[in-house]
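Trainee: I'm new to this one and would like a close look at a single part. Could you take me through how the chains meet?

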Amino acid sequence: MSTVDSRVSVAPRKPPRKPKPAPGSRGLSPLRVLGMAFVWLFTAVNLLVLYWLVSAAFKTPIEIFTKPFALPAHWFERGDPFRNFAYAWDNAGFGRAFLVTVVLVAVSSVVIVLVSAPAAYALTRLGARGADGMTNFVAIGMGVPFQTVVIPLFIGMAEVNLTNDLFGMFLVYVALSLPFTVFLLTGFFKSLPDELEEAAALDGASPLRTFRTIMLPLARGGLVTALILNAIGLWNETLLAIVFLNENANFTLARALFAFNSAASYQSEYGGLIAGVAIVVLPMLVLYLLLARRIITGLTLGAGK
Amino acid sequence: MATVTFDGATRYYAGSPVPAVDGLDLAVADGEFLVLVGPSGCGKSTTLRMLAGLEGVDDGAIRIGERDVTDLPPKDRDIAMVFQNYALYPHMTVADNIGFHLKIAKMPKAERAARVREAAALLDLEPYLDRKPAKLSGGQRQRVAMGRAIVRRPQVFCMDEPLSNLDAKLRVQTRAQIASLQRRLGVTTIYVTHDQVEAMTMGDRVAVLKDGVLQQCDTPIGLFGRPANLFVAGFIGSPAMNLIPTRASGESADVGGTPIPLSPAARAALTSENIVVGIRPEGWRTLPAGDGVTATIEAVEELGSDQYLYCSADTPHLTPDGTAPQPIAVRAPGMSPWRRGDKLGLAPQPGAVHLFDAETGARLPD
Amino acid sequence: MPGSTDVGGRASGAHLVRKKRLFFPFFLPAVTLYVVFLVVPTLATVALGFTSWAGAGDTPEFTGFANYVELLSSDAFRYSFLNTLLYIVAGGVGTFLLAFLFTMVLRDMRGGKLIRAILFFPNIVAPVALGMFFSIVLIYRPNRQGLANHLLESVGLDAVKFLQAENVTWVVTGCLIWASSGFYITILMAAVDRIPPYLYEDADIAGATPWQKFRHVTLPLTWDVIGVAGVLWTIGAVKIFELVFVLAGPGTYSPPIRAWTLGVYVFDRSFGTQGTPEYGMACAAAVVMILLVSVLVVLLRRLMRRDTIQF
Ligand SMILES: Nc1ncnc2c1ncn2[C@@H]1O[C@H](COP(=O)(O)OP(=O)(O)OP(=O)(O)O)[C@@H](O)[C@H]1O
Ligand SMILES: [Mg+2]
């Protein structure tokens with residue numbers, strides 16, 4: 001059965017390529033135009049900055065300062081486009097620092113999550129009395145500036161010979177990342193449904209088993225987010241590395257960059273310095289391009305609730 | 001006050017090749033209460049939002065009074081809208097909610113307060129003026145939304161299923177309140193609902209939409225008495241009209257072995273021999289078995305005031321596509337002694353027969 | 001959850017006991033590390049703040065409030081404190097104004113998600129890297145200017161000594177706003193996205209301007225989130241260190257005291273390479289940092305307190 005409508009059945013028209021917007025939104029007020037222009041400009045500057053950084057990493061200092069927007073030329077003509085990176089990698093110790101950082105960051109992040117996940121689970125899911133109070137007690141740690149703990153921490157670590165030592169650095173990183181991670185993961189565990197856990201309990205699974213086989217897989221998204229965010233945070237961490245590491249062999253990337261700074265400007269080695277900056281920044285950029293949504297929601301999660 | 005005219009108004013949504021509203025032609029008189037009704041997704045809200053200026057109009061025009069408002073922003077159209085979920089601002093008190101539009105329009109405080117009080121009095125909201133919406137019942141929230149529309153004193157009210165979030169009883173009550181309020185204020189009103197009872201009881205006229213196309217726009221009586229096509233016939237009325245597909249042969253169509261006479265005009269308009277005979281449940285006379293269409297009762301629905309009998313014809317007429325015919329619904333007086341399995345005769349009452357062309361769906365002339 | 005435990009009855013009661021036994025093994029490792037590496041050192045810092053101590057080889061000597069009195073009369077500390085406050089307040093106001101502007105414009109703008117993602121990126125770049133990057137961009141050297149002065153000169157303006165001690169605090173504030181705005185825009189936009197669109201439609205019918213929509217709809221309905229974001233900003237801005245250290249200074253040792261922040265002060269008096277360390281003073285300054293955060297956070301919560309809103 002069809003209805004009485006000749007228009008539809010006789011001549012199927014073409015829909016417009018773009019439906020008209022609502023009349024209100026089309027009337028661009030000057031304020032709106034200005035706002036949009038500003039937003040785009042701001043965004044364009046951000047992209048330009050990124051371009052400048054990447055292109056400058058392939059330039060000579062003269063090119064950097066006299067032709068900031070030109071494509072790199074000199075090192076390409078000389079057939080050595082990666083000269084700056086090679087300099088930073090070999091002469092400024094970024095090669096070794098890269099390795100140190102990757103291992104330190106990876107191990108620390110994994111351990112942080114391994115320690116935080118059970119704690120967050122205990123605080124949210126075991127029905128312990130005072131759990132909320134203890135969650136707050138841990139969460140307050142997020143507000144403590146590192147500067148307030150770094151002096152006694154340094155003295156204490158020196159006592160047990162763990163300063164200028166990557167294992168010591170690892171301990172400090174794990175411990176100081178706990179408040180944020182536990183807080184983040186309590187949020188994830190809280191959001192999980194009760195039913196599965198109850199069903200497992202009725203089936204007679206032990207609580208430990210329930211945690212391992214049911215809750216952890218369910219919270220996997222949260223755990224991965226926690227892992228990534230910690231990796232980002234530690235990759236960029238500088239203050240503690242400056243305090244605790246003072247031997248080139250132990251330098252992390254951020255620490256190496258910090259050390260390279262004055263030497264590079266003294267020798268006018270700006271190409272190498274920017275390459276160093278790029279070595280620190282670009283892995284984050286790649287990670288960001290792959291996982292932007294996860295990173296953004298993870299980092300802003302605590303605030304939204 | 002003003003008229004509202006849709007002139008071939010068409011709306012496409014991005015990503016969909018078919019229009020959500022397709023060439024709508026509709027003229028609403030000044031002060032009229034027009035109800036837009038149709039199944040879910042037929043384009044009722046879209047129509048209303050085009051009128052309000054919340055959606056663009058891809059083709060055609062919309063006029064309020066003599067003014068072409070097609071390209072005017074919502075604020076310049078002098079309309080007020082009541083949203084389905086009321087769209088109350090959760091952080092404002094009832095008074096602030098009602099007065100919000102006036103505040104934006106920079107009306108002086110004293111005048112604003114007076115208008116808010118007036119609207120609140122009209123809607124029995126005075127005791128709640130200082131409350132936040134979260135602390136109101138559904139019906140009260142609905143009235144606040146109405147209040148916000150009233151204080152604007154607009155030329156046109158747009159209401160998008162304003163009662164659908166209320167429970168059944170409150171809905172019936174509020175239905176009457178809104179209708180009487182509208183009549184008192186005399187403001188042209190376009191009211192969207194998917195509930196045909198609401199449509200029939202509230203509207204001066206009712207426009208039935210399907211798939212973005214206007215099917216018929218008429219008074220409730222006109223819609224009920226002379227549905228323009230099969231869709232309207234099936235949509236309006238509850239239980240629905242019995243639509244019996246059959247064949248026209250010669251001067252009549254066969255229903256359960258009984259010939260239904262066809263007028264010459266109807267025969268002339270028919271595009272094939274396939275025809276649909278429509279008879280409402282209340283359009284049957286029940287006779288002793290043997291007279292008219294002989295049928296067996298398969299189920300009895302007792303409502304107290306009425307009784308609905310669902311019957312199957314003993315000599316089933318042939319449906320054009322050979323499928324089994326639907327049971328025939330028949331209304332009988334409440335508490336009648338009918339039982340399941342009883343046999344009875346059915347005959348259409350004079351003037352209760354609607355005829356439709358099965359191919360085009362259109363109503364055949366009498 | 002009352003009611004839901006009824007099904008299991010006794011069985012879940014026994015299970016509950018077994019679950020509770022799990023609490024300490026699960027919680028203890030984390031809380032031990034937390035206490036040993038964060039709580040105890042914080043308390044130690046408070047205690048050391050009342051002593052005079054030059055670090056290894058010296059023994060701490062109780063001096064009461066002497067450190068705090070000395071802080072008050074120290075130029076370095078005054079600059080540090082005021083600069084830190086400036087970063088918190090001016091940087092905060094700037095960042096939030098920018099974020100508000102963006103929420104007004106981005107809400108119904110196409111490409112909004114992409115813009116947010118682009119603006120967010122600086123937040124996951126190491127502040128040292130940002131600092132170095134900016135120090136090259138902002139460098140003042142006639143004839144071989146950094147990018148910023150290059151642009152200024154190319155439009156015929158005079159180059160500016162951005163990194164001079166008297167300018168650098170404002171420059172760092174600008175960098176800080178630039179780098180963090182994306183984070184706060186994202187937080188606020190997430191809150192804005194939760195506001196039902198029909199409220200904005202009603203405001204459209206009322207004829208509200210973008211500013212009125214912001215003032216009467218967006219702002220009140222994101223108030224809670226703004227409060228939390230304010231707290232996050234304060235916590236983050238109090239400890240600002242790397243950006244200042246790199247931008248204002250020669251690199252490996254401390255910048256001129258005019259540019260200091262509390263973070264720089266603590267570092268300079270303890271691990272900075274010049275002179276003998278003054279751990280007592282550094283700890284006292286660190287205590288000031290904690291106090292500053294606490295006071296500001298409490299103040300902010302007070303200021304922002306309001307009934308919660310249910311949609
Ligand atoms: N924003 C949109 N984008 C794309 N398609 C839409 C949009 N809004 C509505 N549609 C489509 O347009 C058609 C008409 O929608 P509309 O909301 O007008 O229906 P309705 O009659 O109000 O239905 P209901 O009774 O369910 O409210 C539907 O098919 C719907 O899927
Ligand atoms: Mg609708």
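**Where chain A meets its partners**

Mentor: Let's start with something that is missing: at the interface of chain B and chain A, the rule finds zero salt bridges. Keep in mind as we go that this is a predicted model. Polar contacts give a similar answer, since the count between chain B and chain A is zero residue pairs with both at pLDDT 80 or more. On the chain B side, the elements that give two or more residues are strand 2 (21-28), strand 10 (213-218) and helix 8 (230-235). Strand 2 of chain B has the largest share there, three residues. Sort the residues on this side of chain B by type and you get 15 nonpolar, nine polar and nine charged.

How much surface is involved? Chain B and chain A bury about 1700 Å² between them, with 54% of it on carbon and sulfur atoms. If you want residues to click on, try B:Tyr12, B:Asp22 and B:Asp58, which lose the most area to chain A in chain B and together make up 25% of what that side buries. The contact takes 33 residues from chain B and 18 residues from chain A.

Now turn to the other partner, chain C. Here 91 residues of chain C are in contact with 96 residues of chain A. The area buried between chain C and chain A is about 8400 Å², and carbon and sulfur atoms give 79% of that. C:Phe26, C:Phe37 and C:Ile124 supply 9% of the area that chain C buries against chain A, more than any other three residues. The salt bridge count between chain C and chain A is zero, but ten residue pairs are in polar contact, both at pLDDT 80 or more. Helix 1 (residues 10-48) of chain C brings the largest share of the side that touches chain A, 22 residues. By type, that side of chain C divides into 66 nonpolar, 15 polar and ten charged residues.

From there, have a look at the nonpolar packing. The largest nonpolar core has 241 residues, and A:Trp52, A:Phe94 and A:Phe244 have the most contacts inside it. Helix 7 (residues 165-193) of chain C gives this core its largest share, 16 residues. Apart from it lies another core, of 44 residues, among them B:Ala120, B:Ile178, B:Tyr191 and B:Val206.

To finish, zoom in on A:Phe244. Leaving aside neighbours within four places in sequence, its contacts include A:Val150, A:Leu153, A:Phe154 and A:Met157. A:Phe244 also touches A:Asn164 and A:Asp165, as well as A:Met169 and A:Val172.

Key:
Residues are numbered from 1 along each chain as its sequence is written. Chains are lettered from A and ligands numbered from 1 in the order in which they are written. This is a predicted model: local features need pLDDT of at least 70, side-chain atom pairs count only at pLDDT 80 or more; totals for chains, interfaces and linings use all residues. Side-chain values use heavy atoms; hydrogens and water are left out. A nonpolar core is a set of buried Ala, Val, Leu, Ile, Met, Phe, Trp, Tyr and Cys residues joined through side-chain atoms within 4.5 Å. Buried means under 20% relative accessible area, exposed over 50%, partly exposed in between (1.4 Å probe, protein chains only). Helices (H or I, at least four residues) and strands (E, at least two) are DSSP runs, numbered from the N terminus. Contact means heavy atoms within 4.5 Å. Buried area is the accessible area (1.4 Å probe) that two parts lose on being put together, summed over both. A salt bridge is a side-chain nitrogen of Lys or Arg within 4 Å of a carboxyl oxygen of Asp or Glu. A polar contact is a pair of N or O atoms within 3.5 Å; within protein, one must be able to donate a hydrogen and the other to accept it, and residues adjacent in sequence count only if both atoms are side-chain atoms. Ala, Val, Leu, Ile, Met, Phe, Trp, Tyr, Cys and Pro count as nonpolar, Asp, Glu, Lys and Arg as charged, and the others, Gly among them, as polar.
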